[in-house]
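Subject: Structure handover

Hi,

Here is the structure I promised to pass on. Please open it and keep it in view while you read the notes below.

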Amino acid sequence: MTDQSPNSFLLSRRRLIGGLGVGAGGLLLSGCDALTANDQFRSIMHGAEGLHYSAQRLVTDRNALAKEFAPSERSPVFRANGSINPDSADYIRHRNSNFADWRLVVDGLVARPLAIPLAALMAMPQRAQITRHDCVEGWSAIGKWQGPQLSHILSLARLLPSARYIVFHCADAFGAHPYYESIDLVDAMHSQSILAWRMNDAPLPVAHGAPIRLRVERQLGYKHAKYVMRVEARDRIDTLYRGKGGFWEDDADYQWYAGI
C-alpha cells in the first residue's frame with residue numbers, strides 16, 4: 001500500500017528536486033524552459049497541491065524556522081535566476097537614480113495605504129538571516145539576507161479582517177504578463193519572511209532583485225519574488241490575472257504552495 005500520510009507528502013516534496021532528475025530524463029539540467037514544457041513535470045508540480053498544503057499546515061508548527069547557517073557556510077557563488085535586469089522604462093529610471101525616488105506601495109485591504117521610500121525600509125527594525133535557497137531547477141545556494149520583516153510592514157498598513165493573501169507585484173514581465181507572486185497570511189507573518197534590500201552584507205544587486213525582494217524561507221525559490229514594487233492585501237487570488245496566484249503558477253502549472 002502506498003504511504004499517503006501527511007508526513008509522506010512532506011518527504012515527497014523534499015525529494016522532488018532529486019527525483020525529477022531521474023524521472024524526467026535529466027531535464028533539470030536544461031533549466032526552467034525544458035521543465036515547464038514537460039508534461040510529466042507539470043503534472044507532478046500541479047498534482048496533490050491541496051493535499052500537500054493541508055498536510056503542511058496540519059503537521060508543522062506555523063512558527064517553525066527554516067534552517068539558518070553560519071557565515072562560513074555561505075556559497076561562494078549564488079547564481080542569479082530568471083529576470084536579471086527588468087527593461088521597463090519605470091524600472092530603468094529607478095535603477096539609474098539608484099532608487100532615490102522609488103517607493104514601495106502597500107495597498108489593497110488595508111486601513112492605511114503606504115508608499116515607503118527605500119531609505120525608510122532600511123531604517124526599520126531589521127532581520128538578518130543566512131538561509132538556503134532551493135531552486136526547482138535542482139540547485140541550491142546559501143546566502144545572507146537582510147531587511148524588515150513583512151509582518152512589521154503589514155502591521156503599519158493595518159490589514160483589514162477580510163485580508164487573506166498578500167500579493168507581490170514586480171517590475172519585471174514576460175511579454176504581456178507581469179510577474180507576481182502571492183502567499184497566505186501564515187507565511188506573510190512568519191518571522192523569516194522579509195523584504196530583503198541587502199544580500200551578503202552588500203546592497204541587493206540588480207540581478208538578484210534590487211531594490212527589494214521577498215524572502216519566504218519555507219518555500220521553494222520561485223516564490224521569492226524579485227523587483228517587488230507593490231504589496232497588495234487581498235481576500236482572494238483566483239480573480240487576479242489567470243487565477244492561480246503567481247506567474248509560474250499561471251504559466252506553467254507550478255504549485256501555488258511550494259513549502260519545503
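pLDDT is the predictor's confidence in each residue, on a scale from 0 to 100. You need it here, as this is a predicted model.

**Confidence first**

The chain has a mean pLDDT of 84. Of its residues, 77% reach 70 or more. Where is confidence lowest, and where is it highest? The low point is helix H1, residues 6–23, with a mean of 39. The high point is strand E7, residues 193–196, at 99. Residues 1–34 have a pLDDT below 50. In the model this stretch still has 48 contacts beyond near neighbours in sequence. Where pLDDT is low, the predicted coordinates should not be read in detail.

**The overall count**

The chain holds nine helices and 11 strands. It has 260 residues, and 50% of them are buried. Now take the contacts with a separation of 6 or more. Residues 24 or more positions apart account for 70% of those.

**The five-stranded sheet**

Five strands make an open sheet. Their order is E2-E1-E11-E5-E6, and the pairing is mixed. Which strands stand at the edges? They are E2 (114–117) and E6 (177–184). Each has a single partner strand, so one side of each has no neighbour in the sheet. From one strand to the next, the twist averages 20°.

Walk through the pairs:

- E1 (residues 103–108) and E2 are antiparallel, with four bridges. Valine 106 sits opposite leucine 114 in E2.
- E1 and E11 are parallel, also with four bridges. Valine 105 faces arginine 230 in E11.
- E5 and E11 are antiparallel, with six bridges. Valine 167 has glutamate 232 in E11 as its bridge partner.

E11 deserves a second look. Six of its seven residues are buried, so this strand is largely enclosed by the rest of the structure.

Next, find helix H7, residues 150–157. H7 lies across E1, E2, E5 (165–174), E6 and E11 (228–234). It runs at about 135° to E2.

**The four-stranded sheet**

Four strands form another open sheet, in the order E3-E4-E8-E9. Here the pairing is antiparallel. The edge strands are E3 (127–134) and E9 (202–203), and each pairs on one side only. Eight bridges join E3 to E4, residues 140–147. Look for alanine 128, which stands opposite glutamine 146 in E4.

**The E7 and E10 pair**

E7 and E10 run antiparallel and are joined by four bridges. Leucine 195 stands opposite leucine 214 in E10. In a regular strand the side chains alternate between the two faces of the sheet. Are the faces of E10 (residues 213–216) covered or open? Both are covered. Arg213 and Arg215 lie on one side, Leu214 and Val216 on the other, and all are buried.

**The cores**

The largest nonpolar core has 43 residues. Six of them touch the most other members: Leu104, Leu121, Phe168, Leu195, Ile212 and Val231. A second, separate core has nine residues, including Phe78, Cys135, Ala196 and Leu204.

Two of those six are worth a click. Start with leucine 121. Beyond its neighbours within four places in sequence, its contacts include Trp102, Leu104, Ile153 and Ile212.

Then go to isoleucine 212, in the loop between E9 and E10. Is this residue buried or exposed? Isoleucine 212 has a relative accessible area of 0%, so it is buried; the cut-off is under 20%. Leaving aside neighbours within four places in sequence, its contacts include Leu104, Leu118, Leu195, Lys226 and Tyr227. Tryptophan 197 is another of its contacts. Those two are 15 residues apart in sequence. In space, their C-alpha atoms are 4.6 Å apart.

**Cysteines**

A disulfide is a covalent bond between the sulfur atoms of two cysteines. How many does the structure hold? Zero. Cysteine 135 counts as buried, at 6% relative accessibility. Cysteine 170 is buried too, at 11%.

Best wishes

Methods. Residues numbered from 1 in each chain as written. Predicted model: local features only at pLDDT ≥ 70, side-chain atom pairs only at ≥ 80, totals over all residues. Heavy atoms only, no water. Pairing = 2+ DSSP bridges. Helix = DSSP H or I, 4+ residues; strand = E, 2+ residues; numbered from the N terminus. Disulfide = S-S within 2.5 Å. Buried < 20%, exposed > 50% of the residue type's maximum accessible area, 1.4 Å probe, protein only. Axes fitted to C-alpha atoms, helices over the stretch in contact; angles between N-to-C directions. Contact = heavy atoms within 4.5 Å. Core = buried A, V, L, I, M, F, W, Y, C linked by side-chain atoms within 4.5 Å.
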